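User: Please take a close look at the surroundings of one bound ligand in this model, and then set that site against the rest of the protein chain. A connected account in prose would suit me best.

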Amino acid sequence: MKTKSFAPSTVFAVLAVFLFVLSGPMGAQARESAFRQQFTEAKQQNNFAGMKFLVKENGAIIPAEIERIMAEANAGGVSAGERIYLLGLAYQLAKMHTEWNGADDKRMLELEAMLGQYRREAAARQAIRDRIKEVEIVPGNFVMNAHAKEMENAGLKPVIYPHWVHRSFFRCKVCHESLVIMRRGANGLSHEKIDAGELCGACHNGEISFDTTAEANCPRCHLFGSPRAHGLVDLSYYDEAKFTETATRLGGKWHGDRLVDGRFPLSKLGFINWVKLDELGAFEPLSSLGGGSTTEGIRDTKILFLMPKKYASMLDNVLWSHKIHTTWINCSICHESAGQRERIFEKKAGATRVSMIEIKEGKSCGTCHDRVSFHVSDCKRCHNHKGVEADEKTIVRESIEAPSTDVAPAGETRPKTPGIFKSSY
Ligand code: HEC
Ligand code: HEC
Ligand code: HEC
Ligand code: HEC
Ligand code: HEC
Ligand code: HEC
């Protein structure tokens, strides 16, 4: 009996909430946005007379409309660009309301100041992003700025970590992962750790390389935005005598004479081609620091990734070398998970699906390629093998289809091919 007497009131309550939602804020918003829509349209058409007419006609609702736009602009999750657009709209309304309806100019001046402030902040952020991009265009150049405030307070610029300088002397194995987890931001980089001999401090201790406590050395790492940062982008940091001295000090070797014209071999895209550098025998990077780090050996097999049938006629297959990879990288990086990193590949041929979408998202092969190793847009360096012939060291694998969870439910359409790749190949 109880349930029966409750049922109608519950239904009513639900209905009431539903009606309230419909007629309340949404109704008002619908009315208001009719004005806003007309105004925006007139604005887009540069229809000044139309705007003036609308502002005069709707004087009574304009203050509320301005408040609503401002609230929308300052709500969480609104992008900087959207915020500036909305505040710009509110400002324009306030200005016209002042001019044509004789409203006081308090709101208008407030909005003008607010907008100016946001615009300056956005321009500054954009300028920093552009400068970071200029430095990070080189694969493996990382700008480190997690402690932006502390560095600014100490009068120091953000740090640049250049993988390429370090790769000239050390294989990846030296750092990954006995010293550094192979994920940006995962190491809690700070001087507390560094000056205690961890992370950068395992080498930047005055013995293996320059230390982090002498004043003169601060700008050698804290150099983002200074003129000397260019050397890490345009390779002018390279100096044969200096590289020979460093390699010798470390117990490795640098054979500058094997470089053609004394220059690093470059890829099609203009970045260092490390595979060529190895082939030239121009360097002998260390695989461990003294007895400190471990290396897990080199595996000399290859995997031939066959293209899915529908691409087979347009795209070469991918012949992948364990040897090239394990010369640089420990097995555990690809075949085991670690604290903050998932396992990348099963230790079994044909077991792990690989797809361009994942690679582009920075997973699978994209864990390294596009970040530290050559770019994904360099298609032919991976799609390097015509046909299916293979030697006895090569395991041939068919493409693995997407799991069924990736398949769009009936009625939904999802693009079958990643369109971005079609035009660039
Ligand atoms: C001298 C030490 C050192 C060497 C050698 C080194 N790395 Fe790194 N690596 C780092 C540091 C430092 C980071 C940044 C970690 C952080 O932000 O906490 C990093 C980060 C990475 C990342 C993460 C990128 C991202 O976007 O999350 C990848 C991938 C990587 N390294 C790959 C490599 C590869 C491949 C090699 C060898 C070709 C290599 N590293 C050699 C020190 C090194
Ligand atoms: C495995 C050892 C090792 C680790 C770890 C290491 N470095 Fe280096 N770093 C070197 C060596 C060697 C050089 C070459 C300079 C020299 O000693 O002659 C160098 C050079 C540099 C340079 C070039 C600037 C110059 O004036 O020569 C920068 C910048 C730099 N390291 C930053 C870092 C940062 C930041 C970290 C930590 C995130 C780090 N390094 C971790 C060994 C290391
Ligand atoms: C080998 C490279 C290196 C050298 C040399 C170096 N730093 Fe740093 N420093 C770093 C790195 C890496 C960070 C962390 C950057 C980040 O916030 O992502 C850092 C961060 C800082 C910070 C902010 C966070 C913290 O841990 O305090 C201050 C302040 C700082 N450094 C001061 C200095 C001073 C002063 C010197 C010279 C006496 C110096 N650094 C030399 C690499 C270096
Ligand atoms: C850069 C990543 C990477 C590294 C480093 C790596 N592997 Fe692999 N490994 C792969 C990939 C990719 C496959 C193929 C997976 C597939 O087909 O599903 C594979 C497959 C294998 C297989 C099965 C095929 C074969 O070669 O017999 C074994 C075994 C294996 N790896 C062992 C190792 C060992 C041992 C090391 C270290 C010496 C190592 N791997 C280092 C990526 C790597
Ligand atoms: C853990 C990092 C890492 C992963 C994961 C990785 N690579 Fe690499 N790869 C490297 C490094 C380092 C090199 C040496 C060249 C360079 O750094 O540019 C390399 C070189 C290569 C080369 C040799 C290019 C040449 O000029 O001969 C090919 C091809 C390649 N990778 C394809 C792949 C494919 C395909 C996958 C995924 C199945 C993959 N890599 C996964 C780090 C990685
Ligand atoms: C780092 C190596 C690497 C690079 C660079 C690369 N690919 Fe791939 N690509 C692969 C591998 C490995 C597969 C095989 C996946 C499989 O087993 O089906 C693949 C598969 C594909 C496929 C089949 C469908 C799919 O998404 O898996 C297309 C299409 C493709 N690549 C296009 C391109 C184009 C276009 C470029 C250049 C913009 C490019 N690839 C660059 C490694 C690479």
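**The shell around ligand 3 and its setting**

Analyst: Ligand 3 is surrounded by 23 residues, and Met144, His147, Ser190, Cys218 and Cys221 are the closest of them. The model is a predicted one, and the account below should be read in that light. Three helices each contribute at least two residues to the shell around ligand 3: helix 7 (148-153), helix 10 (191-194) and helix 11 (218-221). Of the elements involved, helix 11 gives the most, with 3 residues. By class, the shell around ligand 3 consists of 11 nonpolar, 9 polar and 3 charged residues.

Helix 11 leads on to a second site. It is also among the elements that each supply at least two residues to the shell around ligand 2, together with strand 2 (159-162), helix 8 (163-167) and helix 9 (172-175). In that shell the largest share comes from strand 2, with 4 residues. Ligand 2 has 24 residues around it, of which Cys200, Cys203, Ser209, Arg220 and Thr246 come nearest. The class division for the shell around ligand 2 is 19 nonpolar, 4 polar and 1 charged.

Helix 8 and helix 9 in turn lead to the remaining site to be described, since each of them supplies at least two residues of the shell around ligand 1. There, 24 residues surround the ligand, and the closest are Cys172, Cys175, Arg184, Asn187 and Val372. The shell around ligand 1 comprises 13 nonpolar, 7 polar and 4 charged residues.

One loop position may be added to this part of the description. Glutamate 207 lies in the loop between helix 10 and helix 11. It counts as exposed because 9 other C-beta atoms lie within 10 Å, and 12 or fewer is the criterion for that class. Glutamate 207 and leucine 250 are 43 residues apart along the chain, and their C-alpha atoms are separated by 9.5 Å.

For the wider setting, the protein chain contains 18 helices and 8 strands. Of its 425 residues, 17% are buried. Among contacts with a separation of 6 or more, 57% join residues 24 or more positions apart.

Helix packing can be followed through helix 5. Two packed helices are described by the angle between their axes and the distance between the axes. Helix 5 (residues 80-101) packs with helix 6 (residues 106-136) at an angle of about 155°, their axes lying 9 Å apart. Helix 5 is therefore roughly antiparallel to helix 6, as angles over 145 degrees are classed in that way. The crossing of this pair is left-handed. On the helix 5 side, the residues in contact are Ala80, Arg83, Ile84, Leu87, Gly88, Ala90, Tyr91, Ala94, Lys95 and Thr98, and they meet Arg107, Met108, Leu111, Glu112, Met114, Leu115, Tyr118, Arg119 and Ala122 in helix 6. The residues of this contact divide into 12 nonpolar, 2 polar and 5 charged.

Helix 4 (residues 62-74) packs with helix 5 at an angle of about 165°, with the axes 9 Å apart. This angle makes helix 4 roughly antiparallel to helix 5. Helix 4 passes helix 5 in a left-handed crossing. From helix 4, Ile62, Glu65, Ile66, Ile69, Met70, Glu72 and Ala73 meet Arg83, Leu86, Leu87, Leu89, Ala90, Leu93, Ala94 and His97 of helix 5. The class counts for the contact of helix 4 with helix 5 are 11 nonpolar, 1 polar and 3 charged.

Helix 3 (residues 48-57) packs with helix 5 at an angle of about 75°, with the axes 10 Å apart. Helix 3 is therefore roughly perpendicular to helix 5. Met51, Lys52, Val55 and Lys56 of helix 3 make this contact with Met96, His97, Trp100 and Asn101 of helix 5. That contact has 4 nonpolar, 2 polar and 2 charged residues.

Met51 also appears in the surroundings of phenylalanine 39: leaving aside residues up to four places away in sequence, phenylalanine 39 touches Met51 and Leu54. Phenylalanine 39 is placed in helix 2 (residues 25-44). This residue counts as buried because it has 23 C-beta neighbours inside 10 Å, where 20 or more are required. Phenylalanine 39 and glycine 50 stand 11 residues apart in sequence, with a C-alpha to C-alpha distance of 7.8 Å.

Key:
Residues numbered from 1 in each chain as written. Chains lettered and ligands numbered in written order. Predicted model: local features only at pLDDT ≥ 70, side-chain atom pairs only at ≥ 80, totals over all residues. Near = placed C-beta within 6 Å. Nonpolar A, V, L, I, M, F, W, Y, C, P; charged D, E, K, R; others polar. Axes fitted to C-alpha atoms, helices over the stretch in contact; angles between N-to-C directions. Parallel < 35°, antiparallel > 145°, perpendicular 65-115°, else oblique. Left-handed = near helix turned anticlockwise from the far one by under 90°. Contact = placed C-beta atoms within 7 Å.
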